[in-house]
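User: I would like to learn how to read a few features of a model, going from the general idea to the particular case. Could you take me through them one at a time?

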Number of protein chains: 2
Amino acid sequence: MKIIRSPAAMTAWSEGLRRQGVTIGFVPTMGALHDGHRSLIREARLQCDALVVSIFVNPTQFGPQEDLAKYPRPISHDRAICRQEGVDVCFEPTAEAMYPAGFQTTVTVPAIARRWEGEARPHHFSGVATVVTKLFGMVRPHRALFGQKDFQQSVLVQQLVKDLNLGVAIMVRPTVREQDGLAMSSRNIYLSADERHRAVTLYQSLRAGAAVIRTGERNAKTIRLAMAQVVTQQPTISIDYLTVSDPFTLEPVSLVTSKVVLLGAIRLGSVRLIDNLLVAVPHRSS
Amino acid sequence: MKIIRSPAAMTAWSEGLRRQGVTIGFVPTMGALHDGHRSLIREARLQCDALVVSIFVNPTQFGPQEDLAKYPRPISHDRAICRQEGVDVCFEPTAEAMYPAGFQTTVTVPAIARRWEGEARPHHFSGVATVVTKLFGMVRPHRALFGQKDFQQSVLVQQLVKDLNLGVAIMVRPTVREQDGLAMSSRNIYLSADERHRAVTLYQSLRAGAAVIRTGERNAKTIRLAMAQVVTQQPTISIDYLTVSDPFTLEPVSLVTSKVVLLGAIRLGSVRLIDNLLVAVPHRSS
């Protein structure tokens with residue numbers, strides 16, 4: 001496996017392969033790789049001739065009060081996983097190479113970014129949209145894979161690629177979960193043993209929402225209440241949001257008439273967790 | 001010469017050539033081609049194996065009170081020039097293909113866009129930055145050529161390409177002028193015969209600024225005054241701005257210590273004209 005740090009070298013590697021008709025797959029990550037990333041890497045390995053994984057903890061998508069400094073950076077462990085999974089290039093640009101002096105261009109996807117994570121984290125999505133555009137420019141992949149765990153991000157990246165004609169096929173892969181249902185996340189290591197135990201509440205809450213939809217409930221307010229009840233049983237957990245939304249626009253719906261996404265964010269002590277479930281609604285046979 | 005309207009067909013054409021190692025040159029235009037465009041096209045023709053000219057009057061870079069509706073669109077004339085100059089593809093996307101329903105992504109280059117044209121035309125440069133990013137995505141050129149006439153735009157595009165790692169080499173070519181010195185512009189046709197006669201005042205004003213710099217003047221205020229005096233002799237012309245600025249940041253300088261750009265914008269009746277001159281400052285041999 002090649003480790004490339006220079007953006008120019010990365011582009012040269014990719015351009016050389018593109019000229020030979022090689023299909024390049026790309027999994028952008030912030031490192032601290034877990035089985036969710038592994039599932040993206042495996043899928044990309046199956047679908048593409050050449051495979052690049054980037055590891056870059058992007059400072060511009062963190063807020064000033066967020067966990068940039070303490071975000072885990074187990075680089076040897078990450079490279080070992082990439083090697084195991086047959087990654088061709090581990091691309092590890094420095095912050096200085098990504099954002100040199102004078103850097104100023106920003107990409108925004110305002111309607112998708114407005115709600116939910118965008119409300120809780122004001123500059124998060126312009127940071128994501130800008131770094132994804134940059135990474136695509138450097139890596140020049142044919143295909144890139146993202147996890148459904150960051151649902152709003154995956155919708156944003158799809159809109160971005162369409163709007164800016166970036167010519168990268170985006171694939172979104174299902175969330176990988178721990179045995180109890182907790183969505184895998186690099187931030188789960190912040191949880192104490194007790195918090196870890198209670199963290200599954202978010203998934204249980206989303207499952208409760210999906211369950212009432214399956215029993216025929218169509219009123220979003222009632223569905224939200226069912227989700228919230230699961231969380232409020234845990235007095236030490238606070239709800240950031242629990243919503244029933246359109247899976248394309250992310251706007252909240254008042255009545256469930258077709259596929260929806262249940263999005264949730266909670267806080268357990270100082271740790272913030274997000275998760276989501278897509279729920280298909282069968283046509284009523286009344 | 002091929003006329004391509006579909007963005008997907010444009011990308012397919014370019015990708016096919018790129019795989020063969022063909023160097024693609026690109027001249028993005030809003031049509032109404034004049035000798036300024038012709039100079040860009042000729043230079044691109046000399047430098048590149050394949051040559052794409054786009055013709056797209058981009059609505060998002062016009063303000064609500066501006067001349068989008070009346071902007072000239074002499075498409076047969078434009079295609080004839082492209083044919084004469086050996087252009088391979090005339091790319092003519094529709095506004096619907098560029099900005100389909102749901103389109104929302106915006107690219108901004110805030111520090112470069114803040115002053116001068118950006119002040120006079122608030123959303124102009126985000127429109128330019130976004131459409132250039134999109135056109136580069138569709139055309140996938142190795143090299144793109146821009147005219148110095150739109151100096152701030154040329155600086156913005158260079159910053160954009162660097163910041164977003166778009167991998168396109170940007171060339172800026174000197175302004176082509178009418179015999180009396182008026183910078184060629186598609187908007188010059190808006191001028192009445194009398195206005196056309198007086199329009200050269202802007203160029204004369206910039207020349208006056210350059211002349212006092214060459215005589216040793218280094219105080220920007222004095223230089224601006226020399227430029228303004230030329231324009232105020234014409235009572236029917238109003239000054240939007242006349243400035244002595246850094247050619248990289250576009251920030252105004254107070255003292256001329258190295259190369260500067262003299263930027264100007266004036267109004268003659270309902271017509272707004274811009275022009276600029278780069279002035280190198282020789283080291284003083286005092």
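Analyst: Let us begin with one residue, bearing in mind that this is a predicted model: Ala32(B) is found in the loop that lies between strand E2 (24-29) and helix H2 (35-47) of chain B. The phi of Ala32(B) is positive, about 50°, although the residue is not a glycine.

User: Is Ala32(B) buried or exposed, and why?

Analyst: A residue counts as buried if 20 or more other C-beta atoms lie within 10 Å of its own. Ala32(B) has 20 other C-beta atoms within 10 Å, and is therefore buried. Asn165(A), placed in the loop between H8 and strand E7 (169-173) of chain A, also has a positive phi, near 55°, and with 22 C-beta neighbours inside 10 Å it counts as buried.

User: How are chain A and chain B related?

Analyst: In general, two copies of a chain are related by a rotation about an axis and a shift along it. Here a turn of 180° with a shift of 0.0 Å along the axis lays chain A on chain B with an RMSD of 0.0 Å, so the two copies are related as by a two-fold rotation axis. Of the interface residues of chain A, 100% are also interface residues in chain B, which means that the copies meet through the same surface.

User: Into which domains is chain A divided, and how many residues of each are in contact?

Analyst: Chain A is divided into domain 1 (2-173) and domain 2 (186-277), and 12 residues of domain 1 are in contact with 12 residues of domain 2. On the side of domain 1 that touches domain 2, helix H8 (151-163) and helix H6 (117-120) of chain A each give two or more residues, with the largest share, three residues, coming from H8(A).

Notes
Residues are numbered from 1 along each chain as its sequence is written. Chains are lettered from A and ligands numbered from 1 in the order in which they are written. This is a predicted model: local features need pLDDT of at least 70, side-chain atom pairs count only at pLDDT 80 or more; totals for chains, interfaces and linings use all residues. Domain bounds come from an automatic or database domain assignment. Two residues are in contact if their C-beta atoms, placed from the backbone, lie within 7 Å. Helices (H or I, at least four residues) and strands (E, at least two) are DSSP runs, numbered from the N terminus. Copies are superposed by least squares on the C-alpha atoms of residues with pLDDT of at least 70 in both. A residue is buried if 20 or more other C-beta atoms lie within 10 Å of its own, exposed if 12 or fewer, and partly exposed in between; C-beta atoms are placed from the backbone.
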